[in-house]
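Here are my notes from going through the model you sent. Have it open beside you as you read.

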Amino acid sequence: MQVFRDGLFEGKVAFFTGGTSGIGLGIAERFAALGATVVLVGRKQEKMEAAVSEIRSRGQKADGHAVDVRDYAAMEGALGRTRETHGEIDILFCAAAGNFPAPVLGMSANGFKAVVDIDLLGTFNTCRAAYQYLRKPGASVISISANHAHVAYPLQAHVCAAKAGVDLLTKVLAMEWGPNGIRCNCITPGPIDGTEGMSRLAPTEESRQKVIQSVPLRRMGTKEDIANLAVFLCSDAASYISGAIYQCDGGQSLSGPRIVG
Ligand code: COA
């Protein structure tokens, strides 16, 4: 079976939260290039419109909605409009995430909640609201997790708590929705170059070099690395894979965290 063939996702509808920048947009661009109609969700209207226009300017199919994943009713509205306009959703990506480095004692309850609400509640909202519009059987749901789900990173209590929840939520969804032919998996990226997350966590050249030294492959990952895994997981080649957590991190999780500063 040829996984990376032209037109692989022709006729498919792929919906992305966190789709207007970073890893989410990187994956969406690849899926659009492979023929999917991509629907991008982000909080900011302007950013969403710019991402959609860029993809359309390449002759590919894109649409978008400015929605906050913390708002269940708004998410349901965006998903419903996607179903009406483009048909059933074949591929659902939960990539919206928040982050700032702070110790527990430097983080207000509201700061902790903001990240947990974006990452974990946002993933729940997206999946819960999307279920009625997903293709059954056949849909693939991918949530973006992090090594924070199973390794304790100082200054990242909110993300660690949220991503641990995302991993287990994904496994529960795989159990509950598997009988309806929906596969649910997580991708766990390592440090990915050119993302807002990395610019917050490793803002200086020195901290960047520390991150690189923490990766056995001695480089940052790229959005293309993550998109490659996403393509595989949403292809028929992965039709028996569900409830899995796939690390794409150059082996960083083997040596533990060395970031932030
Ligand atoms: N340090 C400590 N607390 C911070 C903070 C920081 N750098 N940035 C935000 N907060 C706190 C705020 O003070 C506020 O708490 P308070 O009400 O007790 O003061 C709380 O977080 C919510 O902030 P607010 O700006 O109202 O919320 P928001 O909904 O815009 O979310 C972020 C804030 C930082 C979570 C969000 O804007 C974000 O994550 N942006 C970056 C996106 C990103 O990096 N994505 C990639 C993730 S890997």
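Notes on the ligand site, salt bridges and backbone

1. Let's start with the ligand. Its surroundings hold 16 residues, and those that come nearest are Arg70, Gly98, Asn99, Ser108 and Asn110; a residue counts as near if one of its heavy atoms lies within 4 Å of the molecule. Keep in mind that this is a predicted model, so local features need pLDDT of at least 70 and side-chain atom pairs count only at pLDDT 80 or more, while totals for chains, interfaces and linings use all residues. Residues are numbered from 1 along each chain as its sequence is written, and side-chain values use heavy atoms, with hydrogens and water left out.

2. Next, the polar contacts with the ligand (a polar contact is a pair of N or O atoms within 3.5 Å; within protein, one must be able to donate a hydrogen and the other to accept it, and residues adjacent in sequence count only if both atoms are side-chain atoms). Ala97 uses a backbone N or O atom, 3.2 Å from a nitrogen atom of the ligand. Asn99 also offers a backbone N or O atom, here 2.9 Å from an oxygen atom of the ligand. With Asn110 the side chain takes part: one of its N or O atoms is 2.9 Å from a ligand oxygen. On its own the ligand exposes 930 Å², and the protein buries 56% of that; accessible areas come from the Shrake-Rupley method with a 1.4 Å probe, and for residues only the protein chains shown count as cover.

3. Which elements give two or more residues to the shell around the ligand? They are α4 (109-130) and α6 (196-201), where helices (H or I, at least four residues) and strands (E, at least two) are DSSP runs numbered from the N terminus. The largest share, five residues, comes from α4. By class, the shell has five nonpolar, seven polar and four charged residues. Here Ala, Val, Leu, Ile, Met, Phe, Trp, Tyr, Cys and Pro count as nonpolar, Asp, Glu, Lys and Arg as charged, and the others, Gly among them, as polar.

4. Have a look at His65, which sits in strand β3 (residues 61-66). Is His65 buried or exposed? It is buried, at a relative accessible area of 10%; the cut-offs are under 20% for buried, over 50% for exposed and partly exposed in between (1.4 Å probe, protein chains only). Leaving out residues up to four places away in sequence, His65 touches Val39, Leu40, Val41, Gly42, Met48, Ala78, Arg81 and Thr82, with contact meaning heavy atoms within 4.5 Å.

5. On to charges. Side chains of opposite charge can pair when their charged atoms come close. The count comes to 12 salt bridges, each a side-chain nitrogen of Lys or Arg within 4 Å of a carboxyl oxygen of Asp or Glu. One of them joins Asp68 and Arg70 (3.0 Å, N to O). Asp68 is partly exposed at 23%, and Arg70 is partly exposed at 29%. Arg70 is also among the residues that come nearest to the ligand.

6. Another salt bridge pairs Arg135 with Asp90 (2.4 Å, N to O). This pair links distant parts of the chain, 45 residues apart: Arg135 is in the loop between α4 and β5 (140-144), and Asp90 is in the loop between α3 (72-86) and β4 (91-94). Arg135 is partly exposed, with 31% relative accessible area, whereas Asp90 is buried at 5%. Elsewhere, salt bridges that share partners join Glu29, Glu54 and Arg58 into one network. Within it, the Arg58 and Glu54 side chains meet at 3.2 Å, N to O.

7. Finally, some backbone details. Most residues other than glycine have a negative phi, and most peptide bonds are trans. Lys136 and Pro137 are joined by a cis peptide bond, with omega about 0°, and Pro137 lies in the loop between α4 and β5. Leu155 is not a glycine, yet has a positive phi of about 70°; it is found in the loop between β5 and α5 (157-177). Arg218, again not a glycine, has a positive phi of about 55° and is placed in the loop between α7 and α8 (223-234). Arg218 is partly exposed, at 45% relative accessible area.
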